[in-house]
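Trainee: Please walk me through this model at an easy pace, and I will interrupt with questions as they come up.

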Amino acid sequence: MDNFLQKIVTQNLCMLGAGPMSTNTIKAVIEISSKFNIPIQLIASRRQIDSSFHGGGYVNNWSTENLSEYLKINSKNAAVFLSRDHSGPWQGYYEVENKLNVDEAMDSCKKSLETDIDAGFKFLHLDPSIDIHKKDLDTDTILSRLFELYGHIFEYSKGLDGIYVELGTDLQSDKISSVEETQYILEKIKKFTSKEIKHQPTFYVIQNGTKVLEMENVGEYKDKIINKKFNAKIRELTSLINDYGILSKAHNCDYLEIETLETLASTGVNAVNIAPEYGVAETKEILRLCAENNLTEEYERFVQISLDSRKWEKWLKPNSSLKDEDKATISGHYIFSTSEFIELKQKISFKLKKYKIDFDLMLYNSVYRSVYDSLLGLNWFKNV
């Protein structure tokens with residue numbers, strides 16, 4: 001086990017996977033990692049950033065290749081690991097928009113993963129849990145596709161040397177994974193890796209009761225954190241995964257209080273992903289600065305652009321009564337790279353200068369604080 005992974009296990013730390021929601025988020029991750037010598041995954045979903053062949057993504061309008069080049073130039077001495085989040089068929093816009101069938105979507109995903117490997121991505125999360133042509137996929141179908149992708153990247157990279165693989169087999173749920181189902185999957189993984197490719201995955205994604213809707217975590221974990229039986233169940237799950245020589249990872253850990261994050265490591269969770277929280281932090285700062293400095297026209301324009309994107313729809317609770325300003329806050333980071341926002345940002349920045357406010361610096365600081373607080377909750381500043 002590599003030194004940074006060994007440190008996570010022996011010191012009860014949780015590794016942070018931070019979503020690259022904006023240039024400011026990426027800069028903050030690099031700065032914090034470099035300053036405090038903390039390893040951090042920069043987890044790009046295929047919708048956020050994909051290969052140039054697939055049309056890139058909504059973050060900075062960047063491709064996989066662009067992101068890799070940016071990190072090479074700007075990563076300083078940071079221990080930031082380029083990481084692919086949710087790589088699977090139909091996990092990118094290209095396969096959905098073109099309504100590809102399963103064989104076409106799998107081939108498209110493989111091409112995306114090849115670009116990741118060529119671009120120097122160190123963590124690859126394989127997640128074939130989506131099928132736009134089928135409402136529900138059974139576990140064995142998901143595993144079959146998972147192993148096809150795993151085998152492909154093993155062959156393409158000539159053995160996955162220096163690459164860490166993360167496996168996911170479920171859509172994110174607000175419940176906890178079944179121990180029995182998890183053991184069944186782990187046995188299948190063990191059989192495949194021992195006989196077919198001779199490569200052990202680093203992480204397996206558990207469902208530990210965290211799920212994000214709107215701007216809060218609605219999963220079981222948040223409400224039952226002090227419940228000893230609840231935490232014992234998570235410990236049983238993470239211990240089972242560790243028994244197979246694999247580390248556990250939880251997704252959708254946004255909007256958890258620092259005290260809640262602190263319990264994750266104590267229940268054996270080895271890593272977490274946090275993404276929308278950072279985009280929302282930056283968006284809130286935009287709206288706050290506009291509101292507090294009487295930039296009413298700019299405030300309303302931002303809200304309208306964000307609402308028109310309709311990117312907030314996927315995050316709503318059933319029968320939601322969320323106000324327009326809150327919908328705009330949820331989806332704000334999706335519009336950061338649009339021409340409409342770029343023009344609006346220039347206007348806001350210009351008007352704030354007369355109050356001696358550095359707009360870019362204020363936005364950066366808002367994200368920096370959010371990432372810092374995540375790492376504080378995950379125990380890192382007790383060990384630096």
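**Strands, helices and turns**

Trainee: Let's start with a pairing: which residue of β6 stands opposite Leu-167?

Mentor: Leu-167 stands opposite Tyr-204 in β6, and the strands concerned, β5 (residues 164-167) and β6 (residues 203-206), run parallel and are joined by 2 bridges. Two strands count as paired if DSSP finds at least two bridges between them, and the elements themselves are DSSP runs numbered from the N terminus, namely helices (H or I, at least four residues) and strands (E, at least two).

Trainee: Before we go on, what should I know about where the values come from?

Mentor: This is a predicted model, in which local features need pLDDT of at least 70 and side-chain atom pairs count only at pLDDT 80 or more, whereas totals for chains, interfaces and linings use all residues. Residues are numbered from 1 along each chain as its sequence is written, and side-chain values use heavy atoms, with hydrogens and water left out.

Trainee: Okay, in what order do the strands close into a barrel?

Mentor: The barrel is closed by 8 strands in the order β1-β2-β3-β4-β5-β6-β9-β10, with parallel pairing. From one strand to the next the twist averages 25 degrees, where axes are lines fitted to C-alpha atoms, for helices over the stretch in contact, and angles run from 0 to 180 degrees between N-to-C directions.

Trainee: Pick one strand, say β3: how many of its residues are buried?

Mentor: In β3, 7 of the 8 residues are buried, leaving the strand mostly covered; buried means under 20% relative accessible area, exposed means over 50%, and partly exposed lies in between, with a 1.4 Å probe and protein chains only. On one side, β3 pairs with β2 in the parallel sense over 6 bridges, and Phe-81 of β3 is the bridge partner of Gln-41. The chain crosses from β2 through α3 to β3 in a right-handed β-α-β crossover, that is, with the strands pointing away from the viewer, the path from the first strand over the helix to the second runs clockwise. There are also 3 bridges joining β3 to β4 (residues 123-126), again in a parallel run, and there Arg-84 stands opposite Leu-124.

Trainee: Now helices: what does α2 pack against?

Mentor: The buried residues of α2 pack against β1, β2 (40-45), α3 (64-74), β3, α11 and α15 (359-377), and they include Asn-24, Ile-26, Val-29 and Phe-36. Over its 14 residues α2 reaches 20 Å from first to last C-alpha, close to the 20 Å expected at 1.5 Å a residue, the expected span being 1.5 Å times one less than the number of residues.

Trainee: And α12, which elements do its buried residues pack against?

Mentor: For α12 (residues 296-309), they pack against α11 (276-292), α13 (324-331) and α14 (339-353). Among the buried residues of α12 are Glu-298, Phe-302 and Leu-307.

Trainee: What is the phi of the residue that follows each of those two helices?

Mentor: Arg-310, which follows α12, has a positive phi near 60 degrees, and Asn-37, just after α2, takes a positive phi of about 55 degrees. Most residues other than glycine have a negative phi. Two further cases lie in loops: Trp-90 has a positive phi of about 65 degrees and is placed between β3 (80-87) and α4 (93-97), while Lys-198, with phi near 55 degrees, is found between α7 (179-197) and β6.

Trainee: Is Lys-198 buried or exposed?

Mentor: Lys-198 is exposed, with a relative accessible area of 62%, whereas Trp-90 is buried at 1%.

Trainee: Changing topic, what does Gly-19 touch?

Mentor: Gly-19 lies in the loop between β1 (15-18) and α2 (23-36), and is buried with a relative accessible area of 1%. Not counting residues up to four places away in sequence, Gly-19 touches Thr-25, Ile-43, Ile-274, Ala-275 and Tyr-278, where contact means heavy atoms within 4.5 Å. Gly-279 is 260 residues from Gly-19 in sequence and 8.7 Å from it in space, C-alpha to C-alpha.

Trainee: Last one: how many disulfides does the structure hold?

Mentor: The structure holds 0 disulfides, a disulfide being a pair of cysteine sulfur atoms within 2.5 Å. Cys-253 is in none, and the nearest cysteine sulfur, that of Cys-14, is 7.8 Å away. Cys-253 is buried, with a relative accessible area of 1%, and Cys-109 is buried at 0%.
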